[in-house]
Amino acid sequence: YTQGIIESQNENLRHIVHHDPLTGLPNRILCRTVLEDALEQAGENRSIVGFFYVNMINFKLINETLGHIVGDMLLIQFGQRLTEHCPEALVIACLGGAEFAVIYGDCDETADVLARARAIKNAYREPFILGNREIRVAVAIGVSMFPADALDAEELHKNANIAANVAGMSRRSNYKFYDDSLLKEIADRLHIETALSKAVERDEFVPFFQPKLDLATNRITGSEALIRWFSPTGLI
């Protein structure tokens, strides 16, 4: 009897260690274990592993505007919907915050991975109903594949994260497959954002007003305002 209690307690402890307390999904630790096993199996079978990094990019706004209780309910339902739409996944994990991961093993070809990326995106077209609220979310999905993009779990995870960051730049639901050019895209964006912040301090923005002309009467009917950026670095 005592041995049974000890085993039950150990099992509960293992579950706590390997699962997210809010959503009940596998956590980052278990996700890493499953991914490493999948890569080993795929290496033997010469097949593809797809790692999908799924980020709810407007969660911070929702959480801060509607409160943490609504935010927690949304995370739970977000994970449930991901589970419903990815029944063949090796694991669906909550990595923390509004970041999730989906791993597919033994994919036959790149087209399989693409179809699954689209399925994840489509899963969030319909709004969530939380009490009397209808909430729409935007998701950024980054996809990294073994062996094309990385040969180990850490690199595969990192590359999918990079792709998700680029996908999320538009602030609307999108997916992106990793390739080396994404690093330059992120670097260029950061460079421009830094230059923009300095441009405000240096008064590099100059407003212009462009008249709108009625061709029938040859009279000015209004104007359009625009701002030009005179950058000493030649960025624009």
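I'll walk through helix α4, the core around it, and the β2–β3 hairpin. Keep in mind that this is a predicted model.

Start with α4, residues 68–85. Is its length right for a helix? What should 18 residues span? At 1.5 Å a residue, the expected span is 26 Å, and the end C-alpha atoms are 26 Å apart, so the two agree.

Now, which residues of α4 are buried? Val70, Gly71, Leu74, Leu75, Phe78, Gly79, Arg81 and Leu82. Note that Arg81 is on that list.

Next, the core. The largest nonpolar core has 35 residues. Phe52, Leu74, Phe78, Val102, Ile120, Tyr124 and Val137 touch the most other members. Elements giving two or more residues include β1 (48–56), α3 (59–66), β3 (99–107) and α5 (110–122). Helix α4 gives the most, with 5 residues.

Take Leu74 from that helix. Beyond its neighbours within four places in sequence, Leu74 is in contact with Met56, Phe59, Ile62, Phe128, Leu130, Ile135 and Val137. Val137 is another of the residues that touch the most other core members.

There is also another core, apart from this one. That core has 20 residues, among them Cys31, Ala42, Tyr53 and Phe146.

Last, the hairpin. Strand β2 has 5 of its 6 residues buried, so the rest of the structure largely encloses it. β2 and β3 run antiparallel, joined by 5 bridges. Across the pair, Ala93 stands opposite Ala101 in β3. The hairpin has 2 residues between the strands, and Gly97 takes a positive phi near 60°.

That's the tour.

Methods:
Residues are numbered from 1 along each chain as its sequence is written. This is a predicted model: local features need pLDDT of at least 70, side-chain atom pairs count only at pLDDT 80 or more; totals for chains, interfaces and linings use all residues. Side-chain values use heavy atoms; hydrogens and water are left out. Helices (H or I, at least four residues) and strands (E, at least two) are DSSP runs, numbered from the N terminus. The expected span of a helix is 1.5 Å times one less than its number of residues. Buried means under 20% relative accessible area, exposed over 50%, partly exposed in between (1.4 Å probe, protein chains only). A nonpolar core is a set of buried Ala, Val, Leu, Ile, Met, Phe, Trp, Tyr and Cys residues joined through side-chain atoms within 4.5 Å. Contact means heavy atoms within 4.5 Å. Two strands pair if DSSP finds at least two bridges between them.
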